[in-house]
Amino acid sequence: METLDRLLTILPIYERKMWTVCMPGWVSVVAAGALILYGTIDVAYFARMMYTVAKARYFKKKVCILDTTKVNCWCLLNDVDTLLYHMNNARYLRELDFARADFYERTGLFLNIKAAGGALAQAASTIRYRRYLKPFTRFTITSKVIYWDEKTLFMEHEFIGPGGFVHAVAVCRQRIIDTSASAIVELLLQLHCSGTCHPPIEKMPPELELWVQSNELSSAKLRGASAPKLAPEPKPLDCGETLPTPASE
């Protein structure tokens, strides 16, 4: 009985010594720092962004501003929703950050905007989902410019899965601040392909035009201003009615 009492007295001291040996003070500090870092900053996001920019800038071929760029991605377990069945809807837009960074670097868009004293800002985005991406699926994101004006650059992205199926389509509106978007694009066309590698984009696609009108209606509503006037729809003809003949000029 005396021996048992001695063992019970020594055991807490032994446990404290084992804890000191297994977990030194500096390890505790590092572990606590790592937890604070991962709890306050999206470390994986910034690390991947730096990798994407460095790879595009130093190891990938430069392309024309009207070319379509591609980045390869994986749907991992940290990308899926709570059901662990498919990629979380918010992750699609997060992945676009890396696709755009690759496009900006390979076309020289970001560096030339910065050299002109300007900046880029995401003004609007919309995405249409067609079919979910399952965990551990490898997919490709394509990026291309579909239109631009003096202040804005419009881009379209496609999420292409196995077999070439387009799982989602996103349209983004990039606002160019403190410089001319059209001037930057024209400069890049001259630098990379002398303006002859692709036919010029002269007209806004009809689906993009409707999306822009939707954005303008939303802006007017938030400002409390009157809604902008949209083009009137053609009136259907009655039976036997003919189109009016335009007056001669």
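# Notebook: rings, charges and one valine

I began with Arg131, whose charged end sits over the ring of Phe165, 3.8 Å from its centre. I note here that the model is a predicted one, and I read every value below with that in mind.

I then looked for a similar placement elsewhere and found Arg48, whose charged end sits over the ring of Phe98, 3.9 Å from its centre.

**Aromatic rings.** I counted seven aromatic pairs in the structure. In one of them, Tyr45 and Phe98 are tilted, with 5.4 Å from centre to centre and 50 degrees between the planes. Tyr45 belongs to helix α3 and Phe98 to helix α4 (residues 89-107), so this pair ties together parts that are 53 residues apart in sequence. I checked the exposure of both residues, and Tyr45 and Phe98 are buried.

I next looked up Tyr85 and Tyr132, whose ring centres are 5.4 Å apart and whose planes stand at 55 degrees; the pair is tilted because that angle falls between the limits of 30 degrees for stacked and 60 for edge-to-face. Tyr85 is in the loop between β1 (69-74) and α4, while Tyr132 is in the loop between β2 (119-129) and β3 (138-148), so that the pair links distant parts of the chain, 47 residues apart. Tyr85 is partly exposed at a relative accessible area of 44%, and Tyr132 also counts as partly exposed, at 37%. I also recorded one aromatic cluster, formed by Tyr92, Tyr129, Phe139 and Phe159.

**Salt bridges.** I found eight salt bridges in the structure. Arg94 forms one with Asp42, the closest N and O atoms being 2.9 Å apart; since Arg94 lies in helix α4 and Asp42 in the loop between α2 (25-40) and α3, the pair ties together parts that are 52 residues apart in sequence.

Within helix α4, Arg100 and Asp97 are three residues apart, about one turn of the helix, and their salt bridge has its closest N and O atoms at 2.8 Å. Is Arg100 buried or exposed? Arg100 counts as buried because its relative accessibility is 7%, under the 20% limit, whereas Asp97, at 24%, counts as partly exposed.

Lys144 and Glu156 form a further salt bridge, with the closest N and O atoms 3.7 Å apart; Lys144 is in strand β3 and Glu156 in strand β4 (residues 152-160), twelve residues apart. I also noted a network of salt bridges that links Lys60, Asp102 and Arg106.

**Val53.** I closed with Val53 in helix α3 (residues 43-58), which is 6.3 Å from Asp102, C-alpha to C-alpha, although the two are 49 residues apart in sequence. Leaving aside neighbours within four places in sequence, Val53 is in contact with Ala101 and Glu105.

Technical notes: Residues numbered from 1 in each chain as written. Predicted model: local features only at pLDDT ≥ 70, side-chain atom pairs only at ≥ 80, totals over all residues. Heavy atoms only, no water. Helix = DSSP H or I, 4+ residues; strand = E, 2+ residues; numbered from the N terminus. Contact = heavy atoms within 4.5 Å. Phe/Tyr/Trp six-rings, centres within 6.5 Å; stacked < 30°, edge-to-face > 60°. Buried < 20%, exposed > 50% of the residue type's maximum accessible area, 1.4 Å probe, protein only. Lys NZ or Arg CZ within 6 Å of the ring centre and 35° of its normal. Salt bridge = Lys/Arg side-chain N within 4 Å of Asp/Glu carboxyl O.
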